[in-house]
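New to this one? Take a look at the model below, and then we'll walk through a few of its features, topic by topic.

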Amino acid sequence: VSINKEELLVGEKLSILVDTSIKPVMLKYWISGREGWELIKDYTSENELFYRVNESGKHDILIECKTIESRNNFDDFKTISFFVSEMAKVQIIDFKCLSENLLAGEELVFQVEANQEDNRMILYKFIKIDSSGKAICIQDYSSKRMVAYKEEEAGEYKLLCLAKDMYSPEEYD
């Protein structure tokens, strides 16, 4: 059993390759997690598996192997360990209005910047909040870090930007 990396970041893909002395065989893939062993893939003839890691910490992959005609739960097994590190937290570092004038009926353009690594996809959501507290989503989660819209009524507004890593299970980071 071989893996592409022994140290990964949350969101990266782990590549698992299994070589056996007897063919054909059936393979079953498990991963250790906070809840114990979790099934990744039930018995299959595929000897290569790609798995996106989404939990930090030390993990083990367990591969159970058996011949097609075997009546056993498995004939052989092997485990391999790897470590997953947290990615740096997403943080908005700049949020600015690119429009010169803030006038009703005119297009308003805003841009946000977040600390992000090159191999990471950050998604942005923009919500407009009026003076009475009513919130309207202007742009749902998208990789676009710029938003433009026309405000028809004069008044005081706030623009909220939520940013998150594409693989984050959180509503926003």
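Let's start with a cysteine: Cys65 is buried, with a relative accessible area of 14%. Keep in mind that this is a predicted model. From here we'll go through the cysteines, a small sheet of strands and a pocket.

**Cysteines**
- Cys161 is buried too, at 9% relative accessibility.
- What keeps Cys161 from bonding with the closest cysteine sulfur? That sulfur belongs to Cys137 and sits 11 Å from the one in Cys161, which is too far for a bond.
- For a disulfide, the two sulfur atoms would have to be within 2.5 Å.
- Search the whole structure and you'll find zero disulfides.

**An open sheet**
- Three strands make up an open sheet, in the order 12-11-14, and their pairing is antiparallel.
- Strand 12 (135-142) and strand 14 (157-165) are the edge strands, so each of them pairs on one side only.
- Going from one strand to the next, the twist averages 15 degrees.
- Strand 11, which covers residues 122-130, pairs with strand 14 over nine bridges, in the antiparallel sense.
- Want one contact to look for? Ile129 has Lys158, in strand 14, as its bridge partner.

**The largest pocket**
- How big is the volume of the largest pocket? It comes to about 370 Å³.
- The lining of this pocket takes in 17 residues, and those nearest its centre are Val10, Glu86, Lys89, Ser168 and Pro169.
- Sorted by class, the lining has eight charged, six nonpolar and three polar residues.

Methods. Residues are numbered from 1 along each chain as its sequence is written. This is a predicted model: local features need pLDDT of at least 70, side-chain atom pairs count only at pLDDT 80 or more; totals for chains, interfaces and linings use all residues. Side-chain values use heavy atoms; hydrogens and water are left out. Buried means under 20% relative accessible area, exposed over 50%, partly exposed in between (1.4 Å probe, protein chains only). On a 1 Å grid over the protein atoms alone, a cavity is a set of points where a 1.4 Å probe fits but cannot get out, and a pocket is an open set with protein on both sides within 12 Å along at least five of seven lines; lining residues have an atom within 4 Å of a point. Grid points are joined across faces, edges and corners, and a volume is the space filled by probe spheres set on the points. Ala, Val, Leu, Ile, Met, Phe, Trp, Tyr, Cys and Pro count as nonpolar, Asp, Glu, Lys and Arg as charged, and the others, Gly among them, as polar. Two strands pair if DSSP finds at least two bridges between them. Helices (H or I, at least four residues) and strands (E, at least two) are DSSP runs, numbered from the N terminus. Axes are lines fitted to C-alpha atoms, for helices over the stretch in contact, and angles run from 0 to 180 degrees between N-to-C directions.
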